[in-house]
Amino acid sequence: MDSLLVKFLAGSVQAGTPLLFATLGESLTERVGNLNLGVEGLMLMGAVIGFNTALVTGNPALALLAAMAAGAAGSLIFAFLTVSLRANQVVSGLTLTIFGTGFAGFLGQSLTGKVTPDSVKAFFTPIKLPVLGDIPYLGSIFFRQDIFIYLGYLTAVVLGFYLFSTRPGLNLRAVGESPAAADASGVSVVRAKYIHTLLGGALCALGGAYLSLVYVPAWQENITAGRGWIAVALVIFTGWNPYIAILGSFFFGGLDIVGFRLQKYDIKISQYLIDALPYVVTILVLIASSVRKSARNSTPGSLGEPYFREER
Amino acid sequence: MKGRLLKGAVVALLALACTGMISAQTAKKIKVGFIYLGPVGDGGYTYAHDLGRKYLEQALPGQVETVYKESVSDGNADSEPVMRDLIDQGCTIIFATSFGYMDHVEKIAKEYPNVKFLHCSGYKSGPNFGNYFGRIEQPRYLSGIVAGMKTKTNKIGYVLAFEIPECIRGVDSFTLGVRSVNPKATVLLKWTHTWYDPAKEKDAAVALLDEGCDVIAQHQDTTGPQIAAQEKGAFAIGYNSDSKNAAPKAYLTAPIWNWGPYYTAQVKAVIAGTWKPEAYWGGMADGVVDLAPLTANAPKGAQAAVDKVKAQIIAGKFDVWAGPVKDQTGAVRIAKGATLDDKGQLSLDWLVEGIVGKIEK
């Protein structure tokens, strides 16, 4: 039997996984200089398309692919508006959130109350990893989870390696820092922005799909309930760094569920205050990260700015 | 829905064109509007109201036409334009089915004295504005009997929304039912402070299961807690409507709403011209509330125990709120031979003995 603390921490990993995918997706998008505030909308699109595909095909892999395709399609709208048409990124992102919410609500009308099919549920039941799963405490917290969570770890590590240790990663960071310089050195700015915005959108959508396929697992309208916004703040908190995103997401996942664990004890803090913790911490983090500066983990130089080649 | 409206409009237009006036048949038809908090497919609270609407349409064929608006927030004034829209569409009776619509219904009711307004779960009324609700505490007590017989750990979890009398009545009556068959059992609470957040409601149930509960009950509008119970091999009691499909291995039963007969009676009264605003609070004897059929997951003997008390409730021989009832501190709050009247129930703000949890002040 695991102690309540271990169960709580394992629960934090589960609650943090939707945040992890969304944070990774948004980190990638912002690293290439695009501030996409449509995360909430992209998550909802992924959640509804993934769920619908699971319902129709009963195939978990297809459900994940469909969710990613939905996220990529959603961010294609954003990329077209901001990269090709050079529209304002903040406004385009907010529009994408509104669009995604409406899109999911509309498609989800006939899905409400439906439950994820058993074949998909079975695929996502927790699996104990050999060796790693036997480590005391850590094994129970991190390595007796479902395959979707392992995919989250893997994505974060691969993305971190890609960003910091490969040439395409270097190029994309260069585009985000100074598109003019990258352009001059022969990197296609437009292509880099398109590819990574679409990839980022696909990852955000996976975060939504985790909620509808594994976490809840049923379709309910507005299933993300604001988690996309927390992810936007998490990107800043974790310094656009995928490795730190792992811990940051699970920390916020823990904040999300800590209230219920504390109700057991007679604590003299109002539960409403505890419920507000994720938001309070978000504000504190934004203050702290605007004070702290580090070369590797700081705002990409051209974040939010459209690139005009002619203005060089 | 839209197709039917369109068809209705076309038929009405044709009738107008042919005869120069609306036919007598169409004129007699009464239009009834419903406003829902959630989507009709929530499988819970709104779903139960919508079943009532469908029942009404079938019970009075050719006499009523119904329109509904779903997912109307009750935390702000969103319901006001929705009500105006329904009235513009020709509705003369409006059922507003969530507590938070109350003040907005009051305002609109004053503006449209010829439209009848019925508001669910509130306490305000007016010359053309009544309120209605059901004594869901009666089937909740019965579901407590099932949970009390089912639990092995003697710990029952209860996920509930807000610190308001409605929820407190629910958990108090549930616990009284539990302790009537199992005095050793305790009921552990988790407040979610939301009516509708599937992930959060599930989290609350998971926390309760981690603390050793083996039966989960809920005063929430989604099936999240039941799904959590099934995943951990525990059992669950639903709410609002029969939800056995969401978690078939865990589901025991659920206190449910049955609005159809009430809606039909109200609309009939309006048609007959005998309608008066009232504060309606129906119980099991009226059929507004009931306990869903027990599934095969329910413990042996539970059906008989439930049937016995149910018969007494319907016959008016058993009162859930009959004393002696003690609160959490062990003090007697309802004396032996006394009972808690409606006023006391509507402002209930203490938890009965056997509940582990507190009311946030």
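The legends below describe close-up views of a predicted model.

**View 1. Helix α11 of chain A and what surrounds it.** Helix α11(A) runs over residues 227–237. Of its 11 residues, 8 are buried, so the helix is largely enclosed by the rest of the structure. The buried residues are Arg227(A), Gly228(A), Ile230(A), Ala231(A), Val232(A), Ala233(A), Leu234(A) and Val235(A). Their cover includes, from chain A, α1 (4–31), α2 (39–57), α10 (189–215), α12 (242–262) and α14 (277–291). Chain B takes part in this cover as well, through α8 (198–210). After α11(A) comes Gly239(A), which has a positive phi, near 60°.

**View 2. The surroundings of Lys190(B).** Lys190(B) sits in strand β7 of chain B, which spans residues 186–191. With a relative accessibility of 1%, Lys190(B) counts as buried, because that value is under the 20% cut-off. A polar contact of 2.9 Å joins the side chain of Lys190(B) to the side chain of Glu211(B). Not counting residues up to four places away in sequence, Lys190(B) touches residues of chain A, namely Phe260(A), Gln263(A) and Lys264(A). Within chain B, Lys190(B) touches Tyr158(B), Val159(B), Leu160(B), Ala204(B), Ala207(B), Leu208(B) and Glu211(B).

**View 3. The largest nonpolar core, centred here on Phe95(B).** The core has 73 residues, and those with the most contacts inside it are Phe95(B) and Trp257(B). Helix α7 of chain B (residues 165–181) gives the most to this core, with 6 residues. Domain 1 and domain 2 of chain B both give residues to the core, so the core lies between them. Leaving aside neighbours within four places in sequence, the contacts of Phe95(B) include Val32(B), Gly33(B), Phe34(B) and Ile35(B). Phe95(B) is also in contact with Leu118(B), Tyr132(B), Tyr262(B), Tyr263(B), Gln266(B) and Val267(B). A second core, separate from this one, has 61 residues, among them Val6(A), Phe8(A), Leu44(A) and Val189(A).

**View 4. The two domains of chain B.** Domain 1 is made up of residues 2–134 and 258–286, and domain 2 of residues 137–254 and 292–356. Taken over C-alpha atoms, the domain centres are 31 Å apart. Contacts between the domains involve 13 residues of domain 1 and 16 residues of domain 2.

**View 5. The largest pocket.** About 1,100 Å³ of space lies in this pocket. Its lining has 41 residues, and those nearest the centre are Gln14(A), Pro126(A), Lys202(B), Glu231(B) and Lys232(B). Elements that give two or more residues to the lining are α1, α5 (118–123), α10 and α12 of chain A, with α8 and α9 (224–231) of chain B. The largest share comes from α1(A), which gives 5 residues.

**View 6. The largest cavity.** The structure holds 2 cavities of 30 Å³ or more. The largest has a volume of about 140 Å³. It is lined by 14 residues, of which Leu262(A), Gln263(A), Gln271(A), Lys358(B) and Glu360(B) lie nearest its centre. Two or more lining residues come from each of α12 and α13 (271–275) of chain A and from β7 of chain B. Gln263(A), one of the residues nearest the cavity centre, is also touched by Lys190(B) of View 2.

**View 7. Backbone details in two loops.** Most residues other than glycine have a negative phi, and most peptide bonds are trans. In chain A, Val131(A) lies in the loop between α5 and α6 (138–142). Val131(A) has a positive phi of about 65°, although it is not a glycine. Its relative accessibility is 68%, so Val131(A) counts as exposed. Tyr137(A) is placed in the loop between α5 and α6 of chain A. Tyr137(A) is not a glycine either, but has a positive phi of about 60°. Tyr137(A) is exposed, with a relative accessible area of 59%. In chain B, the peptide bond from Gly323(B) to Pro324(B) is cis, with omega near 0°. Pro324(B) is in the loop between α11 (302–314) and β14 (325–326) of chain B.

How values were computed: Residues are numbered from 1 along each chain as its sequence is written. Chains are lettered from A and ligands numbered from 1 in the order in which they are written. This is a predicted model: local features need pLDDT of at least 70, side-chain atom pairs count only at pLDDT 80 or more; totals for chains, interfaces and linings use all residues. Side-chain values use heavy atoms; hydrogens and water are left out. Buried means under 20% relative accessible area, exposed over 50%, partly exposed in between (1.4 Å probe, protein chains only). Helices (H or I, at least four residues) and strands (E, at least two) are DSSP runs, numbered from the N terminus. Contact means heavy atoms within 4.5 Å. A polar contact is a pair of N or O atoms within 3.5 Å; within protein, one must be able to donate a hydrogen and the other to accept it, and residues adjacent in sequence count only if both atoms are side-chain atoms. A nonpolar core is a set of buried Ala, Val, Leu, Ile, Met, Phe, Trp, Tyr and Cys residues joined through side-chain atoms within 4.5 Å. Domain bounds come from an automatic or database domain assignment. On a 1 Å grid over the protein atoms alone, a cavity is a set of points where a 1.4 Å probe fits but cannot get out, and a pocket is an open set with protein on both sides within 12 Å along at least five of seven lines; lining residues have an atom within 4 Å of a point. Grid points are joined across faces, edges and corners, and a volume is the space filled by probe spheres set on the points.
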